[in-house]
Amino acid sequence: MATLPPEQLTLGEEAEEARGLLYEAYNELQRLAAELGGAAVPAPAVVVVGHQTDGKSALVEALMGFQFNHVGGGTKTRRPIALHLRFNPRCDVPHCRLLAGSGEGDADDDEDGAVDRPMPLADIQEYIEAENMRLENDPCQFSEREIIIKIEYKHCPNLTIIDTPGLILAAPGRKNRVLQSQACAVEALVRAKIQHKETIILCLEDCSDWSNATTRRVVMQVDPDLARTVLVSTKLDTKIPQFARASDVEVFLHPPTCVLDGSLLGDSPFFTSVPSGRVGSCHEAVFRSNEEEFEDVASLEDKLGRSLTKEEKNRIGLSNLRLFLEELLQKRYIESVPSIIPLLEKEHRAATRNLRKVTEEISDLDEAKLKEKARLFHDSFLTKLSLLLKGMVVAPPDKFGETVINERINGGTFTGSENFQLPNKMMPNAGMRLYGGAQYHRAMAEFRLVVGSIKCPPITREEIVNASGVEDIHDGTNYSRTACVIAVAKARDTFEPFLHQLGFRLLYILKRLSPISVFLLEKDGEHFSRHDVLVKRVQAAFNRFAESTEQSCRERCMEDLESTTRYVTWSLHNKNRAGLRHFLDSFVAPEQLSASTHTAANSAGLHEQSSGLNDNKQDKPKGDLKSSHPLDSNPSSVVSETRLVDLLDSTLWNRRLAPSSERLVYALVHQIFHGIKEHFLVTTELKFNCFLLMPIVDKLAALLREDLESAFEDDLDSIFNVNQLRHSLGQRKRELEIELKRIKRLKEKFGQINKNLNSLQVRQ
């Protein structure tokens, strides 16, 4: 629309011109926000909400003044349609433009920033029908993406209207599950569209009793007080004949506050009769204007038996509703202008700051500065790594922390041959999301608890017999050797898997330090994200160091386990001698002890079983003489000798595995296994702390610095990828310069608009 010189404009024309500039500025602001990838700038709009067959689309078309979509039963709108209406008296037919990005394949958009393209009204209708058919066959059925259309027409007001899909009242029952899921999808879509605080909700109700809150039920979930909701009762011409008494009409026109709260936007519902006929200049339209509202007024006055007041007439008819919405939106636009200017100032400062940083980065792309930047990253990376091990709370636990369950899934579990796993409730801090040194300490504590709770594996009689071989000097049985053979084999098979599991778990925890450290650097404003090759190189060097250190530490622990399970040292393996002595003291059953004491006087009978082993006859009388009298005075010595002989007979001299021999082997095996377990726990934890954790602290810095310096000698581009970095920074600089110019121009435009609106208010 052509702009007249200011001196030729009347006050009303000047106000209309200012509002037109305001709408254009808002559209440009919305496009800029979308292109910058930021949140959409709040812009006032009317969102139409109603159930199917409430006359929603027909009401929108009547507000526009022409048809753009099908109207009838069923779902005719499956994507929200955003209509940016602009009054233009020079447009005898609607001039429509489809905004780029609103469709599914806008390949015609220009790369230089063009955001919309002209489209005839017939093509708009075909496009909407095609989208509805596509979504009807799509599993989702509906889409939240808006179809955005800009329209200029001499019969449409200055409004932004968003037409939403009609709400569905699905019948209960399993056979209606498909329709029920569609109803839930539409309701969620509508709630998402009306949740923005700057929107005005046009709530359509097709009912004669305001107690039936069909559409209001959904609207009040977002706007409980209806403070930004305009309530519209549709199909008024069909409802008037339903009222039998004037009191019913009074209640309908003025619903009591107990039914409809007085905080409703506009203070009262609006009443329209649009569905009785299409309004517009097209050949399908029944009415060329909204003259049917006069018939509604006459019918209401006839029912009431009185004339309607001016306030009541202002709520009846489409023209009054359109005027109210237009004035309301204009007021919202004008009220929003002062808040937009500081927002643009902030964006202008941010764009200027980013441009300055990019310019500095381009100037720093020389060899000396790049080397210094790499060394700075090296030092900063090690600092963050050290802080993570010592403990810090800057990194968000919800993003980087792990519970015991997450840690077991990603880093492996501590499980032995019987797949024993410690319950989470027995683990301290199991449900906490930890990282760094705290996670390392928890993993080591879990290792101690799991391994410390392991019992000696079961021992079978076959294992005892197989371990009791033949000595090289006699054919007796050495059950102490048998116990040692079984114990070290059981210990080796039991503890070796835990050693590998601990190494894998701790290595996983240490590798997690690298991405957390990089995040902390970015959070502190130390921007190394553009130097992606440098960051990846340092992270790769750290991972290699951690892997090699873990392997070396695990080999040390493996050597210690091998030495502990290769040769039994009683001072090391027999930690609990008192317990073993107590067990051996009670080795002979009480009944055996009683029988031995009763027959101790008859030494000849006592040694009948061993006569074949000792043929020295001359010693027997001496033994009898010595034992004849002391038996009464000191029976314990005879009992001890008897027990010793019985022990030798059941162990060394007898190949048959008696219960006493089996018990003896069990006791020795458990004692040796327990000693190996305690030694394994202590030495493994100590070695992993000394040879895995400590090298991260005192050796990593020198290794990373050596890796960087060697890379400097080879090729600097292998660390920084200088050519690609220079190209990307140059492109980013050009984009920021264009963005800065657009923000500056938009800021000046809104400043001028604010000035014009203020001057108009003063003159009015």
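**Exercise 1.** Find where K235 sits, then check its phi.

*Solution.* Start with the elements: helices (H or I, at least four residues) and strands (E, at least two) are DSSP runs, numbered from the N terminus. K235 falls in the loop between β8 and α6 (236-239). Next, the backbone: K235 is not a glycine, yet has a positive phi of about 55°. Most residues other than glycine have a negative phi.

A word on the model: it is predicted, so local features need pLDDT of at least 70 and side-chain atom pairs count only at pLDDT 80 or more, while totals for chains, interfaces and linings use all residues. Residues are numbered from 1 along each chain as its sequence is written, and side-chain values use heavy atoms, leaving out hydrogens and water.

**Exercise 2.** Place L226 and decide: buried or exposed?

*Solution.* Look in the loop between α5 (215-219) and β8 (229-233); that's where L226 is. Its phi is near 55°, positive in a residue other than glycine. Now the cut-offs: buried means under 20% relative accessible area, exposed over 50%, partly exposed in between (1.4 Å probe, protein chains only). L226 has a relative accessible area of 3%, so L226 is buried.

**Exercise 3.** Work out which element gives the largest share of the largest nonpolar core.

*Solution.* First, the term: a nonpolar core is a set of buried Ala, Val, Leu, Ile, Met, Phe, Trp, Tyr and Cys residues joined through side-chain atoms within 4.5 Å. The largest one has 70 residues, and F447, L506 and F688 have the most contacts inside it. Elements giving two or more residues include α14 (437-452), α16 (479-511) and α26 (659-698). The largest share, 15 residues, comes from α16.
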